[in-house]
Amino acid sequence: MTKRGEKLADIDEEQLRQQLRTERDPKAVKRLVVALEYKSGLSPAKIQHKYGWHEQTVYDWLDIVAERDPVALGDRPRGGSSSRLTDDQWDELTATLAASPSEAGIDAPAWRPPLVRDYIAETYDVEYSSA
């Protein structure tokens with residue numbers, strides 16, 4: 001366990017300040033502020049009191065600052081399902097949906113989510129749920 005005040009012992013305060021001057025990601029800015037306040041001697045509890053961020057969040061952000069390069073303090077990209085359509089299929093679908101359903105041979109006044117799902121299933125043999 002890290003002693004109080006030593007969580008960021010290896011982090012250069014001037015580097016944090018320089019990064020804060022140019023940082024545009026709101027989450028990274030908060031993490032840099034927390035790190036600088038902590039480096040200046042404020043405890044996570046006092047940082048919570050000063051800014052209103054939950055104390056556990058402050059600890060989490062300090063861990064992130066300790067683990068990452070200061071230029072990478074924003075949120076990491078979130079994972080997700082990979083597309084089941086190829087890039088070419090997406091391009092084709094986008095063009096189709098930009099036109100009226102009648103141009104795709106469908107008797108409907110407009111594209112609605114159920115109609116799009118059916119069209120994708122019939123055209124590309126790919127099924128999407130409605131959830």
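The legends below describe close-up views of a predicted model.

**Figure 1. Overall fold of the 131-residue protein.** The protein has six helices and zero strands. From the N terminus on, its elements follow the order α-α-α-α-α-α. Of the 131 residues, 30% count as buried. The accessible surface comes to about 9,200 Å², and carbon and sulfur atoms make up 47% of that area. Among contacts with a separation of 6 or more, 49% are between residues 24 or more positions apart. A search of the whole structure finds four salt bridges; those of Figures 2, 3 and 4 are among them.

**Figure 2. Salt bridge between R17 and E13 in helix α1.** The side chains of R17 and E13 meet with an N to O distance of 2.6 Å. Helix α1 covers residues 13–22, and because R17 and E13 are four residues apart in this helix, about one helical turn separates them. R17 counts as partly exposed, at 35% relative accessibility. E13 is also classed as partly exposed, with a value of 26%. Side chains of opposite charge can pair when their charged atoms come close.

**Figure 3. Salt bridge between E14 and R21.** The closest N and O atoms of E14 and R21 are 3.6 Å apart. E14 is partly exposed, with a relative accessible area of 35%. R21, in turn, is exposed, with a relative accessible area of 55%. The value for R21 falls in the exposed class because that class begins over 50%.

**Figure 4. Salt bridge between E37 and K50.** In this pair the closest N and O atoms lie 2.7 Å apart. E37 belongs to helix α2 (residues 26–39) and K50 to helix α3, so the salt bridge ties together parts that are 13 residues apart in sequence. The two partners fall into separate accessibility classes: E37 is buried, with a relative accessible area of 12%, whereas K50 is exposed, with a relative accessible area of 51%.

**Figure 5. Surroundings of P44 in helix α3.** Helix α3 spans residues 44–51 and includes P44. P44 is buried, its relative accessible area being 4%. Not counting residues up to four places away in sequence, P44 touches Y38, E55, V58, Y59 and L62. V34 is ten residues from P44 along the chain, and the C-alpha atoms of these two residues are separated by 8.3 Å.

**Figure 6. Contacts of T96 in helix α5.** T96 is placed in helix α5 and is buried, with a relative accessible area of 16%. This value puts T96 in the buried class because the class covers residues under 20%. With neighbours within four places in sequence left aside, T96 is in contact with A104, W111 and Y119.

**Figure 7. Negative surface patch that includes E92.** D87, D88, D91 and E92 form the patch. E92 lies in helix α5, which runs over residues 87–98. At a relative accessible area of 42%, E92 is partly exposed. E92 can therefore count towards a patch, since patch residues have over 30% relative accessible area and no salt bridge. Helix α5 also holds T96, the residue of the preceding view.

Definitions and conventions:
Residues are numbered from 1 along each chain as its sequence is written. This is a predicted model: local features need pLDDT of at least 70, side-chain atom pairs count only at pLDDT 80 or more; totals for chains, interfaces and linings use all residues. Side-chain values use heavy atoms; hydrogens and water are left out. Patches are made of residues with over 30% relative accessible area and no salt bridge: like charges are joined within 9 Å, nonpolar side chains (Val, Leu, Ile, Met, Phe, Trp, Tyr) within 5 Å. Accessible areas come from the Shrake-Rupley method with a 1.4 Å probe; for residues, only the protein chains shown count as cover. Lys and Arg count as positive and Asp and Glu as negative; His and the chain ends are not counted. The place of a charge is taken as NZ of Lys, CZ of Arg, CG of Asp or CD of Glu. Helices (H or I, at least four residues) and strands (E, at least two) are DSSP runs, numbered from the N terminus. Buried means under 20% relative accessible area, exposed over 50%, partly exposed in between (1.4 Å probe, protein chains only). Contact means heavy atoms within 4.5 Å.
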